[in-house]
Amino acid sequence: MKFISLRVQPARTYHGYTDDNQLIVDDVADAEFVEKVIAIDRILSITEDYVFITTTHGRVQTWSYEGSLALVKDRLAVAGLLIA
């Protein structure tokens with residue numbers, strides 16, 4: 001299994017949808033940035049602002065991260081984990 005270490009701050013958890021198709025979201029307020037070692041298999045996508053990851057029970061979380069998308073892409077490329 002491959003991993004990447006990032007300083008992240010939780011932003012949101014997406015739980016799914018209500019019976020009338022409304023998104024169920026919990027925002028995380030006042031969280032601190034922490035260092036996490038993240039399994040690459042859990043990452044769905046990375047944008048300039050967020051890392052989208054899978055969690056238990058089919059949930060998705062977004063985390064803000066320190067640094068830039070270019071830096072994360074460079075780290076993934078060096079590790080052979082990014083096809084440009």
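A residue counts as buried under 20% relative accessible area, as exposed over 50%, and as partly exposed in between. The exercises below use a predicted model.

**Exercise 1. Classify Phe-52 by its relative accessible area, then do the same for Tyr-50.**

Step 1. The relative accessible area of Phe-52 is 24%. This value falls between the two cut-offs of 20% and 50%, so Phe-52 is partly exposed.

Step 2. Tyr-50 has a relative accessibility of 32% and therefore also counts as partly exposed.

**Exercise 2. Find how many aromatic pairs the structure holds, and describe the geometry of the rings of Tyr-50 and Phe-52.**

Step 1. There is one aromatic pair in the structure.

Step 2. The ring centres of Tyr-50 and Phe-52 are 6.4 Å apart, and the ring planes stand at 70°.

Step 3. Planes over 60 degrees apart count as edge-to-face, so the pair of Tyr-50 and Phe-52 is edge-to-face.

**Exercise 3. Sort the side chains of strand 5 by the face to which they point.**

Step 1. In a regular strand, side chains alternate between the two faces of the sheet.

Step 2. In strand 5, Val-51 and Ile-53 point to one face and are buried.

Step 3. Tyr-50, Phe-52 and Thr-54 point to the other face and are not buried.

**Exercise 4. Trace the pairing of strand 5 with strand 4 and with strand 6.**

Step 1. Strand 4 covers residues 43–46 and pairs antiparallel with strand 5 over three bridges. Across this pairing, Ile-46 stands opposite Val-51. Three residues link strand 4 to strand 5 in a hairpin.

Step 2. Strand 5, residues 50–54, is also antiparallel to strand 6, with five bridges between them. Here Ile-53 faces Gln-61, and Thr-54 faces Val-60.

Step 3. Strands 5 and 6 form a hairpin too, with five residues between them. In that turn His-57 has a positive phi of about 60°.

**Exercise 5. State which way strand 1 runs against strand 6, and name the bridge partner of Val-8.**

Step 1. Strand 1 (residues 3–17) and strand 6 (residues 60–65) run antiparallel and are joined by six bridges.

Step 2. Val-8 has Tyr-65 in strand 6 as its bridge partner.

**Exercise 6. Describe the surroundings of Thr-62 and of Thr-13.**

Step 1. Thr-62 belongs to strand 6. With a relative accessible area of 3%, Thr-62 is buried.

Step 2. Leaving aside residues up to four places away in sequence, the residues that Thr-62 touches include Gln-9, Pro-10, Ala-11, Tyr-50, Val-51 and Phe-52.

Step 3. Thr-13 sits in strand 1 and counts as buried at 11% relative accessibility.

Step 4. Beyond residues up to four places away in sequence, Thr-13 touches Ile-24, Val-25, Asp-26, Arg-59, Val-60 and Gln-61. With Gln-61 there is a polar contact between the two side chains, at 3.3 Å.

**Exercise 7. Count the salt bridges, and say which parts of the chain each one ties together.**

Step 1. The whole structure has two salt bridges.

Step 2. One joins the side chains of Arg-7 and Glu-66, with an N to O distance of 2.8 Å. Arg-7 lies in strand 1 and Glu-66 in the loop between strand 6 and helix 1 (69–78), so this pair ties together parts 59 residues apart in sequence. Arg-7 is partly exposed at 33%, and Glu-66 is partly exposed at 39%.

Step 3. Another salt bridge is formed by Asp-27 and Arg-12, whose closest N and O atoms are 2.4 Å apart. Asp-27 is in strand 2 (residues 23–27) and Arg-12 in strand 1, so the pair ties together parts 15 residues apart in sequence.

Step 4. Asp-27 has a relative accessible area of 56% and is exposed, whereas Arg-12, at 37%, is partly exposed.

Technical notes
Residues are numbered from 1 along each chain as its sequence is written. This is a predicted model: local features need pLDDT of at least 70, side-chain atom pairs count only at pLDDT 80 or more; totals for chains, interfaces and linings use all residues. Side-chain values use heavy atoms; hydrogens and water are left out. Two strands pair if DSSP finds at least two bridges between them. Helices (H or I, at least four residues) and strands (E, at least two) are DSSP runs, numbered from the N terminus. Rings of Phe, Tyr and Trp (its six-membered ring) pair if their centres lie within 6.5 Å; planes under 30 degrees apart count as stacked, over 60 as edge-to-face and the rest as tilted. Buried means under 20% relative accessible area, exposed over 50%, partly exposed in between (1.4 Å probe, protein chains only). Contact means heavy atoms within 4.5 Å. A polar contact is a pair of N or O atoms within 3.5 Å; within protein, one must be able to donate a hydrogen and the other to accept it, and residues adjacent in sequence count only if both atoms are side-chain atoms. A salt bridge is a side-chain nitrogen of Lys or Arg within 4 Å of a carboxyl oxygen of Asp or Glu.
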